[in-house]
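Me: Please show me the sequence and the model first, and then let us go through them slowly, one question at a time.

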Amino acid sequence: MKLMTSIAALLVLAAPALAQDLTREERQAQSRVTEIAGPEPRLVQTPEGQPPSDAVVLFDGSNLDSWESVNGGAAEWTVEDGAMHVARGSGDIRTTDSFCDVQLHVEWRSPPNTEGHDSQDRGNSGIFLQSRYEVQVLDSHQNPTYANGQAGSIYKQHLPLVNASRAPEEWQSYDIIFQAPVFAEDGALRRPAHITVLHNGVVVQNHAQIQGATEWIGYPSYEAHDCAPIQLQDHDADVAFRNIWVRPM
């Protein structure tokens, strides 16, 4: 047994030397064994400062045609200077289309600091994937609050890895990779949702496992559903959004 082991070890050590004795054509032939011939990935144009060519543009600064009120009818938020603004008291808005796995880009801006408003009362909103799973929007610049409720958190589930917040009135960005949950035919959860979030280019959620639908009171849980809209929250704060696009994956 020891002899066989020694011979195997010698062969492993000798392999590079044997490969060097091969001709160029023989080495190229060996290298092709681990090559993947195709199909080639499709081409996506990525012009600087613009959405990728295969993105679905949800808001380009001109209108709210891709959005509706969760209460029914047209979205009642306002559009001004290339941004959509929460119409406080009008309710959440959601996309008219539904999505499953996505790459989502959203830019947002919190209002100026207002004396007497702090913690969750400062620039609060949220981005709900599939109308259920919330990435928190909040003015978290020098504004302490509970850790799993600040900007970049998966609300009441995962605190962000770091606080990458900019000052109020500065535009900020979220780039979100969302893997939707998968359910069996009987409604049982087969695979939970996962999410990665970059806040201003910094990873704040790294393939975090979502525990269920977002809850303010109580614990999250899953209920079977299909693809669903992306939803923006009216939390009675003057938050603005712009440059929203999504890539279904």
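**Pockets, confidence and contacts**

Me: What volume does the second largest pocket have?
Reply: The coordinates come from a predicted model, in which local features need pLDDT of at least 70 and side-chain atom pairs count only at pLDDT 80 or more, while totals for chains, interfaces and linings use all residues. Residues are numbered from 1 along each chain as its sequence is written, and side-chain values use heavy atoms, with hydrogens and water left out. A pocket is an open set of points on a 1 Å grid over the protein atoms alone where a 1.4 Å probe fits, with protein on both sides within 12 Å along at least five of seven lines. With volume taken as the space filled by probe spheres set on points joined across faces, edges and corners, the second largest pocket comes to about 170 Å³.

Me: How many charged residues are in the lining of the second largest pocket?
Reply: Lining residues have an atom within 4 Å of a point, and here they include F128, Y146, Y155 and W216 as well as E134 and E215. Asp, Glu, Lys and Arg count as charged, Ala, Val, Leu, Ile, Met, Phe, Trp, Tyr, Cys and Pro as nonpolar, and the others, Gly among them, as polar. By these classes the lining has four nonpolar residues and six polar ones, and the number of charged residues is two.

Me: Which residues are closest to the centre of the largest pocket?
Reply: The largest pocket has a volume of about 220 Å³. Its lining is made up of three nonpolar, five polar and five charged residues. Of these 13 lining residues, the closest to the centre are H117, D121, G123, D236 and A237.

Me: Over which residues is the pLDDT below 50?
Reply: The pLDDT, the predictor's confidence in each residue from 0 to 100, averages 91 over the chain, and 92% of the residues score at least 70. One stretch has zero contacts (heavy atoms within 4.5 Å) beyond near neighbours in sequence, and its pLDDT is below 50: residues 7–14. Where pLDDT is low, the predicted coordinates should not be read in detail.Me: How far apart in space are P220 and E40?
Reply: The C-alpha trace of the chain spans about 80 × 45 × 40 Å along its principal axes. P220 touches Q157, Q211, G212, A213 and E215, not counting residues up to four places away in sequence. P220 and E40 are 180 residues apart in sequence, and from C-alpha to C-alpha their separation in space is 41 Å.
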